[in-house]
Amino acid sequence: MRLGRRKVTAGLAALATAPALGVRAQANEEVDLELVLAVDGSRSVDDQEFDLQRRGYAQAFTHPNVIKAIQSNGLRKIAVAFVEWSGAEFQKTVIPWTPVSDEESGGLLAERILREPRSFWGWTSISGAIDHSVKLFGQSFAGRRKVIDVSGDGINNSGRPAYAARDEAGARGVVINGLVIMNDNPNPGPRGFVQPPLDEFYREQVIGGPGAFVIAVDDFESFAYAIVNKLIKEIAGFAVDDGIRLAEAK
């Protein structure tokens, strides 16, 4: 009887330590890309637009061409973190680093994106979003490339200048791309500031690094196919393989 109890105790101990051992084994696992999705949750994004944003990202990770882009790289795996942001003091890692390699893992990430509640309302600090995102790299995975994907519908109006955060990120080898939602009623900028077209602002003050680019869409309804195409370009690197077709607007 004592032997049996010892065996049960040993078995329970092994089960208790198994998850921790599994986490250690996966720590700093090499992937083709570490990708932070930094998503605007400021007050200029109403609930309907916010829902369209979330659904666009969720649908993208179930899109066959996004999965094909992931599997076209050498390691056939990327790691994704999902961040929401508004003002200078308001950033939240809604979904921590999550590996995506196939339809199943893409679907699981999509479910989590749709399940989480909205994090913020407030001002627009692109610099805060970049600074928060940079700190996430290297925590769980070792990416051959590191990219921050900033989506938003307004200029930086909180915190330090966006270009300052962009330049520091670039010095660490991080590429920043932008997805701009052109907005007829954006958040105001600093007093006396004449707001440039949003896509121009992103090109001059937000994006940076080798191959950095901006995609601009006219409204949130166009967001879903735009993010698919943006992810394909980011995942595939500088050039999109001819065998990976971009999505078309509906």
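In what order do the 6 strands form an open sheet? In this predicted model, the order is S3-S2-S1-S4-S5-S6, and the pairing within the sheet is mixed. S3 and strand S6 (214-217) are the edge strands, each of them pairing on one side only. On average, and with direction ignored, neighbouring strands of this sheet are turned by 15 degrees against each other. The protein contains 8 helices in addition to the 6 strands, and along the sequence these elements follow the pattern α-β-α-α-β-β-α-α-β-α-β-α-β-α. Of its 250 residues, 48% count as buried. Among contacts between residues at least 6 apart in sequence, 80% join residues at least 24 apart.

The pairing of individual strands is considered next. Strands of a sheet pair through backbone hydrogen bonds, in either a parallel or an antiparallel arrangement. Strand S1 (residues 29-40) is paired with S2 in the parallel sense over 8 bridges, and Leu33 stands opposite Ile78 of S2. S1 also pairs with strand S4 (residues 141-152), again in the parallel sense, over 10 bridges; here Lys146 of S4 is the bridge partner of Glu34. S2 and S3, by contrast, run antiparallel and are joined by 7 bridges. Within this pair, Val80 has Thr98 of S3 as its bridge partner. The connection from S2 to S3 is a hairpin of 5 residues.

Strand S2 (78-85) is largely enclosed by the rest of the structure, because 8 of its 8 residues are buried. In a regular strand, side chains alternate between the two faces of the sheet. For S2, both faces are covered: Ile78, Val80, Phe82 and Glu84 are buried on one side, and Ala79, Ala81, Val83 and Trp85 are buried on the other.

Helix H4 (residues 103-115) contributes to the packing around this part of the sheet through its contacts. The buried residues of H4 are Ser105, Gly106, Gly107, Leu109, Ala110 and Ile113, and their cover includes H2, S2 and strand S3 (91-100). The geometry of H4 agrees with expectation, because its 13 residues should span 18 Å at 1.5 Å a residue and its end C-alpha atoms are 18 Å apart. The axis of helix H2 (residues 47-60) comes within 8 Å of the axis of H4, and the two cross at roughly 170 degrees. H2 is therefore roughly antiparallel to H4. On the H2 side the contact is made by Arg54, Arg55, Tyr57 and Ala58, and on the H4 side by Ala110, Ile113 and Leu114. By class, this contact has 5 nonpolar and 2 charged residues, with no polar ones. Ala110 and Ile113 thus appear both among the buried residues of H4 and in the contact with H2.

A further helix, H7 (residues 198-205), lies across S4, strand S5 (175-181) and S6, and runs at about 170 degrees to S5.

Three residues were examined individually. Glu30 lies in strand S1 and, at 44% relative accessibility, counts as partly exposed. Neighbours within four places in sequence aside, Glu30 is in contact with Leu75, Ala142 and Arg144. The C-alpha atoms of Glu30 and Ile78 are separated by 8.8 Å, although the two residues are 48 residues apart along the chain.

Arg76 is located in the loop between helix H3 (64-71) and S2. Most residues other than glycine have a negative phi. Arg76, which is not a glycine, has a positive phi of about 60 degrees. With a relative accessible area of 44%, Arg76 is partly exposed.

Ala169 is placed in helix H6 (residues 162-171). Its relative accessibility is 1%, and Ala169 therefore counts as buried. With neighbours within four places in sequence left aside, the contacts of Ala169 are Ile130, Val134, Val174 and Ile176. A separation of 9.3 Å is found between the C-alpha atoms of Ala169 and Ile148, which are 21 residues apart along the chain.

Note on methods: Residues numbered from 1 in each chain as written. Predicted model: local features only at pLDDT ≥ 70, side-chain atom pairs only at ≥ 80, totals over all residues. Heavy atoms only, no water. Axes fitted to C-alpha atoms, helices over the stretch in contact; angles between N-to-C directions. Helix = DSSP H or I, 4+ residues; strand = E, 2+ residues; numbered from the N terminus. Parallel < 35°, antiparallel > 145°, perpendicular 65-115°, else oblique. Contact = heavy atoms within 4.5 Å. Nonpolar A, V, L, I, M, F, W, Y, C, P; charged D, E, K, R; others polar. Expected span 1.5 Å × (residues − 1). Buried < 20%, exposed > 50% of the residue type's maximum accessible area, 1.4 Å probe, protein only. Pairing = 2+ DSSP bridges.
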